[in-house]
Amino acid sequence: MVPMLLNLFLILLLKGTLGDQISATGVINLAHRQSKWTPLMHISANLSEVKSIRSYFQFRTLDPEGAIFYGDTKDGQDWFVLSLRDGIPEMQIGKADILVSVKGGRKLNDGSWYLFDIMAFIDCFVLGQLELRSEGKFVVLEVNNEVELVVGLHSKLAEEELTGKIRLALGGMLVDKHKLFHPFEPEMDACIRAGHWLNLSRPWDTDKTWEPQACFSNIKKGSYFPGSGTAMFNTSDLPGLQKNEAGITIKIFGSWTGILLSLQSTGFLYVLGENDGGKDVKKVPETLTFTILKTALMVNNKPKLESDSQDFLSMWKNGMLLTFGGKPEDSEGEKGTQYLRGCLEKITVQGQVIDLDRALYKHSAVSSHSCPTEAMNELTS
């Protein structure tokens, strides 16, 4: 059930113009899009056009959760989505009166390239040799030629013979997310390459606002800021002050230059990294601790701002804008030295790891779960 997913990428490269195409062996970056659930690319075709039942591509990610591949028939009445959850493949199927959600197999978000092999509509998906295929009324998931998951599916209301159109999509869904049996976070920081897509050869449609990004040759875990764009959170959505705690602690490990973070509320703005004479710019891997107390802001246990007229902890609880990589008003700004450039390998708030995919806003240039090792070598040299 998987046509030429890569031909879609041609539209990214063309930024919305149809007609040009990209090689089926090209590279697609699933990340860096503005809309969470809208697929990066999609195509529809008459089922009578589908002559080959096999498609395959290579897949790589460090992201534990996100949408990979979607397909449906009958205008979305029957649908299928393959995703990762906790790094483990998960299948969800909606067919007639049935909703099925099954998760199983090994973790696949280790940064290695895996081969996905797909046969027929719900038929075959492979990661590494991960194979998902339809055998009568069962869907079978294989990893490296070993059966990992078997799903039985039967409905008296289901039609035995399919007619009409098939729709396929990459990195999102074409039906409402509320149809899911088990909701998940759809954004996927991953790359696909070396694809072969059924027998379909025409371009796919894509989100014309999406800006194509290259896939890094070598990656490591972390959130990458290329020198443009920010990730913004409302602090009321983040961990708060617990009993017997004196303040809010944000810990960041990584290598960077430029603005690390900013805090903004009505009539208040604090920027860390811009107004400190370069003292807080870290070009070598290091942990920075930013602590918010009732009347003070601390960096590595040293006061940076003290105020008797402001209660920073109440401001945090009621909701401030916490922006990584720049200032809130610069979220759509152009590339410049004030923006953070580097890899934040780990961000925690009150000891809890922060996932940029959960941000209130994240610029499309920011990678949530992978950093290029080449760029980091340049930064620290």
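How many disulfides does the structure hold?

1. The model is a predicted one, and the structure holds two disulfides. When the bonded cysteines of the protein chain are numbered in sequence order, the pairing reads 1-2, 3-4.

2. One disulfide joins C191 to C215, with an S to S distance of 2.0 Å, and its link is left-handed, with -105° about the S-S bond. This pair connects distant parts of the chain, 24 residues apart, since C191 lies in strand 13 (residues 190–197), while C215 sits in the loop between strand 14 (205–206) and strand 15 (219–221). Both C191 and C215 are buried.

3. Another disulfide is formed by C343 and C371, whose sulfur atoms are 2.1 Å apart, and here the link is right-handed, with 85° about the S-S bond. This pair too links distant parts of the chain, 28 residues apart, with C343 in strand 25 (residues 341–349) and C371 in strand 28 (residues 370–372). C343 counts as buried because its relative accessibility is 0%, and C371 counts as buried because its relative accessibility is also 0%.

4. Turning to the nonpolar cores, the largest has 34 residues, and those with the most contacts inside it are I252, L260, L263, F290, I292 and W316. A second, separate core of 28 residues includes L30, L168, L170 and W204. In soluble globular proteins, nonpolar side chains tend to be buried together.

5. W316 merits a look of its own: leaving aside neighbours within four places in sequence, W316 is in contact with T235, S236, L238, P239, G240, I248, I250, L263, I292, L322 and V349. Among these partners, L263 and I292 are also listed with W316 as residues having the most contacts inside the largest core.

Conventions:
Residues numbered from 1 in each chain as written. Predicted model: local features only at pLDDT ≥ 70, side-chain atom pairs only at ≥ 80, totals over all residues. Heavy atoms only, no water. Core = buried A, V, L, I, M, F, W, Y, C linked by side-chain atoms within 4.5 Å. Buried < 20%, exposed > 50% of the residue type's maximum accessible area, 1.4 Å probe, protein only. Contact = heavy atoms within 4.5 Å. Disulfide = S-S within 2.5 Å. Helix = DSSP H or I, 4+ residues; strand = E, 2+ residues; numbered from the N terminus.
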